[in-house]
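Colleague: I've got a few "why do you call it that" questions about this one. Can we go through them together?

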Amino acid sequence: MNTTLESYYLSKPEPYQSCLLALKDFILQANPGICHERKFQIPFFTYKGKKLGYLWLDKKKLKLGFCWDKSLQEPTNGAKPKDQYESMLIDPNADLPVDIILEKLNYYVDLIDDAT
C-alpha cells in the first residue's frame with residue numbers, strides 16, 4: 001500500500017480504522033482485477049481502469065460507494081453522461097454485510113465487463 005493511502009487509513013479513529021481496513025481487504029480479495037488508489041482524497045477502487053467504488057468516512061458515517069463510470073454509458077439525446085453513484089452506510093460496530101457487498105461488487109464488475 002502506498003504511504004498516502006496508508007496514512008488515510010491510519011489517521012482514522014477506531015472502530016472506523018479497523019472497519020475501513022477490513023472493507024479494503026475484502027474488496028481487493030473479491031476480484032484480482034480490482035485496483036486500489038487514492039482519488040478525490042479518499043480510497044478508491046477501479047476495475048479495468050474504470051471507477052468501481054470508494055470508501056468514505058464523513059464525520060461519523062462510514063460509506064461504501066459503488067460507481068457506474070460515465071465512460072461506459074450510452075449518451076442520451078445530446079446530454080453528457082455523469083458517473084452514477086450508489087452508497088451504503090456501514091456500521092463499524094456490526095458484522096460487515098459481506099453478502100450484500102459481494103453482490104454489489106459483482107454487479108458493477110459485470111457491468112464493466114459487459115461494456116468493455
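Modeller: Sure. When I say two residues meet, I mean that they have heavy atoms within 4.5 Å of each other. And keep in mind that this is a predicted model.

Colleague: With that cut-off, which residues of α1 meet which residues of α2?

Modeller: On the α1 side, Y8, Y9 and L10; on the α2 side, Q17, L20, L21 and K24. Sorted by class, that contact has 5 nonpolar, 1 polar and 1 charged residues.

Colleague: Why are α1 and α2 called oblique to each other?

Modeller: Helix α1 covers residues 3–10, and it packs on α2 at an angle of about 135°, with the axes 8 Å apart. Roughly perpendicular runs from 65 to 115 degrees, and roughly antiparallel starts over 145. An angle of about 135° fits neither range, and therefore the pair counts as oblique.

Colleague: What makes the span of α2 close to the expected one?

Modeller: α2, residues 16–30, has 15 residues. The expected span takes 1.5 Å times one less than the number of residues, which gives 21 Å here, and the helix reaches 21 Å from its first C-alpha to its last.

Colleague: How do you know that the buried residues of α2 are on the same side?

Modeller: Buried means under 20% relative accessible area, and in α2 that picks out Y16, Q17, C19, L20, L23, K24 and I27. They cover an arc of only 165° around the axis, so they sit on the same side of α2.

Colleague: And how much of the whole protein counts as buried?

Modeller: 39% of its 116 residues.

Technical notes: Residues are numbered from 1 along each chain as its sequence is written. This is a predicted model: local features need pLDDT of at least 70, side-chain atom pairs count only at pLDDT 80 or more; totals for chains, interfaces and linings use all residues. Side-chain values use heavy atoms; hydrogens and water are left out. Helices (H or I, at least four residues) and strands (E, at least two) are DSSP runs, numbered from the N terminus. Buried means under 20% relative accessible area, exposed over 50%, partly exposed in between (1.4 Å probe, protein chains only). The arc is that of the directions from the helix axis to the C-beta atoms. Axes are lines fitted to C-alpha atoms, for helices over the stretch in contact, and angles run from 0 to 180 degrees between N-to-C directions. Angles under 35 degrees count as roughly parallel, over 145 as roughly antiparallel, 65 to 115 as roughly perpendicular and the rest as oblique. Ala, Val, Leu, Ile, Met, Phe, Trp, Tyr, Cys and Pro count as nonpolar, Asp, Glu, Lys and Arg as charged, and the others, Gly among them, as polar.
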